[in-house]
Every structure is written in structure tokens, then in C-alpha cells.
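Let's take a walk through this protein together. Keep the 3D view open and turn it as you read.

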Amino acid sequence: MIGENIKTFAGLPVREYSADQAVPSPEKYAIRISLGWEMHEEESLTFTNLFASLIDDPSCAQVQALVVGDWGGAGQGDGSAPVVEALVSARDALPALRALFLGEMTSEESEISWINQSDVSPLFEAFPQLQELWIRGGNDLALGNPRHECLRKLVIQTGGLSASVLHDVASASLPQLEHLELWLGDDGYGNDIQIHDIEPLLTSCPFPKLGYLGFCDDCNADETAKLIARVGLPPTVQVLDLSLGTLSDEGAQALVESPCLKQLRKIDFHYHFVSAAFVDRLKQLVPEIDASDVQKADYWDGQPHRYVAVGE
């Protein structure tokens, strides 16, 4: 469950945009634009109209970071295609844009597994200076064949990521990418990823500057950890993020026994099912560890059942 909207984005505090006010100091703040259900129902606004009023403001040219929340009916099946189209059409009005978050909604606005995205590939060409791209929601999401010379950070948060999106990522040309964070989610909400889908990102990583690799919120975290232990990590990776998933002693033991941990500066697996004994062993091997928020499995029929932090 994602319980609150972000307070900062791309290093800037977030301020909400309102059509009856000027854009609030875009050189100092990340601008959030969202069409909540109250505005949609009571004021008969559309996201397109709200966004047009933002673009008409002369100070829009200084917007560096843009956070797109609910585009109106996002939790009722309305996809992001019109939003992507509006953003692409407004490319000339947003020359300073360096960071974009598409679909920043809490569970009160829309459960993450209900957010319908779309083909976002036009964004890569429309904003050649973009350095950060965050996307929340995996339904109907497609990246195409991404090519971008400046993107440094790519975060995709889903309750269940499709293998097709993982393939899009693995085929991307992002020579400046330093941070890749993928929320794989639960197989009950769209995660159809198999181990062989992940392996190319480890063995044939196309990102020569990648320092941070995250396979988060993963219902198969033990299998992912065992794959990492077996085939290793891209040589540039110094931070491994396995947080929010179902990592247990099984996956932790594989990592402890793997030489790949020697290259890591940090491993983050907060929200986990790992015993204190294996946490201690990992602390002896990696300089920095986040092992907070330990969980306990539910048992029935004598079998443990573990759940990701963010599913529906």
C-alpha cells in the first residue's frame, strides 16, 4: 500500500498546481498536477484542460520537475495515453524539464494495480534532456525500444510487472543510466516474470554506468537472489536493492555464499523475512545494510506464506 504522496522529487519540494494560481516558483519546486475525483466530478474539469492552463503560464518554461498524479478516472480504467500525448505536444513549452513522474498516486486515489498506463515510448524522444523518469502502474505499460542519451534514473513501480516491460528495459540504450529500480510485484497482480527474463540484465547489462540495481517488491525474491548469487551482478553495481519483497533465509544464504557481494557498498532489503542470524552474516560482508522492517510469514497447512509490501 502506498499511503501518501511524495513530499520531494528530484531533490525539490513538491508543490501542487492549481489552475487559479500562478505556477509556484518552478525553479525552486517540483510541480505536481493532479485531477482528483472531486475536481473531476464537481468542476467538470479534464486533465487536458488543467494541463493546458499550466502550459499557458509563462513560468512553465522554468519547470524542472513535473509530477503527474491522477489524470481523472485513473483507478477506473482510464489509461495514460492522453497524458503522454499532452506531454509530448507540450515539449517546447517545457524546455527545462529534467525529471518526470507519471502516475504518482496513493492507494486512496488508486490502488497501484488499478493504474492503467500506456505506451510511454514517445516521452524518450520528446524530452532529450530528461534525467529522471518515474512511472507508477504497470497495466498496459510499454516502453518500446528506449533510446536516450541523458537519462540517469529510471524507476518503474508496479503491483505486478509484465515480462514484456522487463524485455523493453533490457533492450534499451541508456548510456548514462546510473539507477534502475523495478518493482516486480505479485504474480496475482500481473507479475509474469520468469528467472530467464531477469538474467540478461545481469549477464549482458546494457548500462555501462549502472551503480544502483533494484528488484523490489518481488514475490519471487528468493529466486531472484539465487540467480544473482549464481550469475553475479554487472561489475559497476555497488548498491543492490531487494527491498519490499519476500526475501527469506533461502535467498539470503545464496547471497552470503556468493562472491558477488564483495563488490557491493550497500544492500537494501528492508521489509523482509530474513532471520537475525543471516542478517548478521550479511552485515559482515557488506559495509552498509538496511535490514529494517522485518516480517513474519503466515503459516497454514504447515507451509509459510509471504507477501510483498505493495501488491494491490
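How many aromatic pairs does a search of the whole structure find? The search turns up five of them. Bear in mind that you are looking at a predicted model.

**Aromatic rings**

One of those pairs is Phe47 with Phe51, and it is stacked: the rings sit 6.0 Å apart, centre to centre, with 10° between their planes. Both residues belong to helix α2, four residues apart, which is about one turn of the helix. Are Phe47 and Phe51 buried or exposed? Both are buried. Elsewhere, Phe9, Phe101 and Trp134 make up one aromatic cluster.

**The sheet**

Now look for the open sheet, which has 12 strands with mixed pairing. The strand order is easy to remember: β1-β2-β3-β4-β5-β6-β7-β8-β9-β10-β11-β12. At the edges you'll find β1 (8–9) and β12 (288–290), each with a single partner strand, so one side of each has no neighbour in the sheet. For a look at one pairing, try β7 (residues 153–157) and β8 (residues 179–185): they run parallel and are joined by four bridges. Here Lys153 stands opposite His179 in β8.

**Helices and their surroundings**

Helix α3 (residues 81–89) has several buried residues: Val83, Val84, Ala86, Leu87 and Val88. What covers them includes α2 (47–56), β4 (65–68), β5 (99–102) and α4 (122–126).

Next, find α7 (residues 221–231) and α8 (residues 249–256), whose axes come within 8 Å and cross at roughly 10°. That angle is why α7 counts as roughly parallel to α8. On the α7 side, the contact is made by Asp222, Glu223, Ala225, Lys226, Ile228 and Ala229, while α8 brings Glu250, Gly251, Ala254 and Leu255. Sort the residues of this contact by type and you get five nonpolar, one polar and four charged.

**Two unusual backbone angles**

Most residues other than glycine have a negative phi. Ala10 goes the other way, with a positive phi although it is not a glycine, and Asp140 also has a positive phi without being a glycine. Ala10 is found in the loop between β1 and β2 (12–16), and Asp140 in the loop between β6 (132–136) and β7. Here are their values:

| Residue | Phi | Relative accessible area | Exposure |
|---|---|---|---|
| Ala10 | about 55° | 35% | partly exposed |
| Asp140 | about 65° | 60% | exposed |

Conventions:
Residues numbered from 1 in each chain as written. Predicted model: local features only at pLDDT ≥ 70, side-chain atom pairs only at ≥ 80, totals over all residues. Heavy atoms only, no water. Pairing = 2+ DSSP bridges. Helix = DSSP H or I, 4+ residues; strand = E, 2+ residues; numbered from the N terminus. Buried < 20%, exposed > 50% of the residue type's maximum accessible area, 1.4 Å probe, protein only. Contact = heavy atoms within 4.5 Å. Axes fitted to C-alpha atoms, helices over the stretch in contact; angles between N-to-C directions. Parallel < 35°, antiparallel > 145°, perpendicular 65-115°, else oblique. Nonpolar A, V, L, I, M, F, W, Y, C, P; charged D, E, K, R; others polar. Phe/Tyr/Trp six-rings, centres within 6.5 Å; stacked < 30°, edge-to-face > 60°.
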